[in-house]
Amino acid sequence: MGLEKAIPIPVLNLCRRTRHHQRHIPDPISASCPPYLKQSNHSLYCISCHHMPYVLRHQTILYKTMIEYIDIPGFPGKALKICSDLSFKTMSPIQFFSTNGHPQGVDFKAALLMGQAPDKGLFMPEKIPTIPRKLIDEFPKMSYPEIAREVISPYLGHLVPDRDLREMLQDAYNYEVPVERAYDEKYVLRLDRGPTCSFKDFAARAMGRLIQYFLKQEGRSILILTATSGDTGSAVAHAFFGLDNVKVVVLFPEKEVTDRQRRQMTTLGSNIFPLAVEGKFDDCQALVKQAFVDPELSQLNLSSANSINIGRLLPQAVYYFYARSRVAAPDQKVIFSVPSGNFGDLMGGLLAMKMGLPVKRFVVATNENDEFPRFMQTGFYEPIRPSKNCISNAMNVGHPSNLARLFSLYGGQMDEIGRVNRQPDLSAMRQDLYAVSITDEETRRTIKEAFSQHKVLLEPHGAVAWAGLMRYLQRCGDWRGCISLETADPAKFPDEIVRATGINPPLPPAMARLDELEESFEKMDGDYASLKAFLRRFF
Ligand SMILES: Cc1ncc(COP(=O)(O)O)c(C=O)c1O
């Protein structure tokens, strides 16, 4: 697509005022507008996609504008339409930049639809908006979807009208989010009540709705390529199941997901294409990343639903706000313990803290894949290859993608293969994060003890977090207000639960018929050529 072509089309009512002074100006895109941005009747511009960032920079001077891609007969690629809509918010959208340093920023919509930045980095917001403390103090009176709107909308600016965003979130979060007291002020946040019974539903459902919304606006379709260590695949598959403008290809490590995790992906059919990969989650993730930057696949319109997509992280900031609002006094700082694999969940929490959530510290609890706890101790990062097989299988990650984001948050720079080009501020990290690795033996013991001592039924991932919290409290002293995240329903891991507690966890209604449904999936070697051959079918 070239810079040269610009097609003017007639009239849409563009309001010509500056945001701050409400002053009329003669030309909304200003005199410095490059010649290839043509204007017609002060209102509508049609240009190639390449100009989007330029317009977005300048669009901040406009008053209540709306931008969307449109098709124009005879025009190669997409054109950009700018028009006014008085129901839109006045905020300009936050720009997202690649952790690999590409100078061009994009707005949330582009970052969401692209998934990964073109230079293989991950998108991070240029600035993290803060939520005023007064508003956070109102959260105890607000519902989950209402809090979600306050947390997510600052990143969207005017890209989604408020009414539409509220509707989407109301629809996405139609299940309960219990904060269960274990003892004293120690709580378990249960994130397992969504349709696929893991915390991945929180992100997938909001993201699915936002992607749908933007695709409809643009009349586009995409192919979502996602790697899963067990739970992302099913959450994403369910969030997009049956849609005609989205196809989902899910790569999962054949031997490292439980039967029920696999069945949640392989019993849907329709637009969902599961691929059992001979390899590990890290292999699946590497294959997906390679496909994203393969120019021969560019016509597929690939996007990602892994936590490499920023669209996953923002909804994951919400439940930290929600959980604290249910248990803490107005000025109370809380501790969160987060079971961590690819570090997307933790990044949601860190975004929440940077947005103003009063948090004393995050316990970052990994299984025996302890590359991050070791980095926190030594300052030296070394991925674990291959990753170790632990019973908290969804956290068997030897090089977490989101470390690139974590490092950038603390002033460092890590590239996509885990090379540290700039060290982050380790002392600031150590102040915010307490990293701990939990063995399988401790995980099993924790499942048993949490049940016998507190009547709290945990599955292996939640048990890693709970064990991490207990370790923190022993080492650093007791703290009022601790919330440990339980990220999946115990019924997804029946064997381990029966072994530790003697209890066969009841199947939640969402999984009730799962064991009876017929499965359909393909198998694939763990090499890129096989994936590419598979994807060529979608051309
Ligand atoms: C049940 C469960 N808990 C914890 C995690 C770890 O989350 P993250 O990869 O965002 O660190 C996962 C990730 O797949 C998961 O499925």
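Which residue in strand 15 is the bridge partner of Thr366? It's Ser437. Keep in mind that you're looking at a predicted model. The chain has 539 residues, and 50% of them are buried. Along the way it forms 18 helices and 17 strands.

**Strand 15 and its neighbour**

- Strand 15 covers residues 433–437, and 5 of its 5 residues are buried, so the rest of the structure largely encloses this strand.
- Side chains in a regular strand alternate between the two faces of the sheet.
- Here, Leu433, Ala435 and Ser437 point one way, while Tyr434 and Val436 point the other way, and all are buried.
- Strand 12 (residues 359–366) pairs with strand 15 in the parallel sense, over 5 bridges.
- Val364 touches Leu433, Tyr434 and Ala435, among other residues.
- If you skip residues up to four places away in sequence, the other residues that Val364 touches are Val338, Ser340, Leu346 and Phe372.

**The nonpolar core**

- In soluble globular proteins, nonpolar side chains tend to be buried together.
- The largest nonpolar core in this chain has 139 residues, and Val236, Val248, Val363 and Val364 have the most contacts inside it.
- Helix 10 (residues 310–327) supplies the largest share of this core, with 10 residues.
- Both domain 2 (133–193 + 313–509) and domain 3 (200–310 + 514–536) put at least three residues each into this core.

**Around the ligand**

- The ligand is surrounded by 19 residues, and the closest are Asp231, Asn342, Gly344, Ala394 and Thr487.
- Sorted by type, the shell around the ligand has 11 polar, 6 nonpolar and 2 charged residues.
- Helix 11 (residues 344–354) gives the largest share of that shell, 3 residues.
- Why does the ligand lie between domain 2 and domain 3? Both domains give residues to the shell around the ligand, so it lies between them.

**A five-strand sheet**

- Strands of a sheet pair through backbone hydrogen bonds, either parallel or antiparallel.
- One open sheet here has 5 strands in the order 10-7-8-9-17, with parallel pairing.
- Strand 10 (302–303) and strand 17 (522–524) are the edge strands, each pairing on one side only.
- Strand 7 (residues 222–227) pairs with strand 10 in the parallel sense over 2 bridges, and Leu223 stands opposite Leu302 in strand 10.

**Across the whole chain**

- Among contacts with a separation of 6 or more, 74% are between residues 24 or more positions apart.

Definitions and conventions:
Residues numbered from 1 in each chain as written. Predicted model: local features only at pLDDT ≥ 70, side-chain atom pairs only at ≥ 80, totals over all residues. Helix = DSSP H or I, 4+ residues; strand = E, 2+ residues; numbered from the N terminus. Buried ≥ 20, exposed ≤ 12 C-beta atoms within 10 Å, placed from the backbone. Contact = placed C-beta atoms within 7 Å. Near = placed C-beta within 6 Å. Nonpolar A, V, L, I, M, F, W, Y, C, P; charged D, E, K, R; others polar. Domains from an automatic or database assignment. Core = buried A, V, L, I, M, F, W, Y, C linked by C-beta atoms within 7 Å. Pairing = 2+ DSSP bridges.
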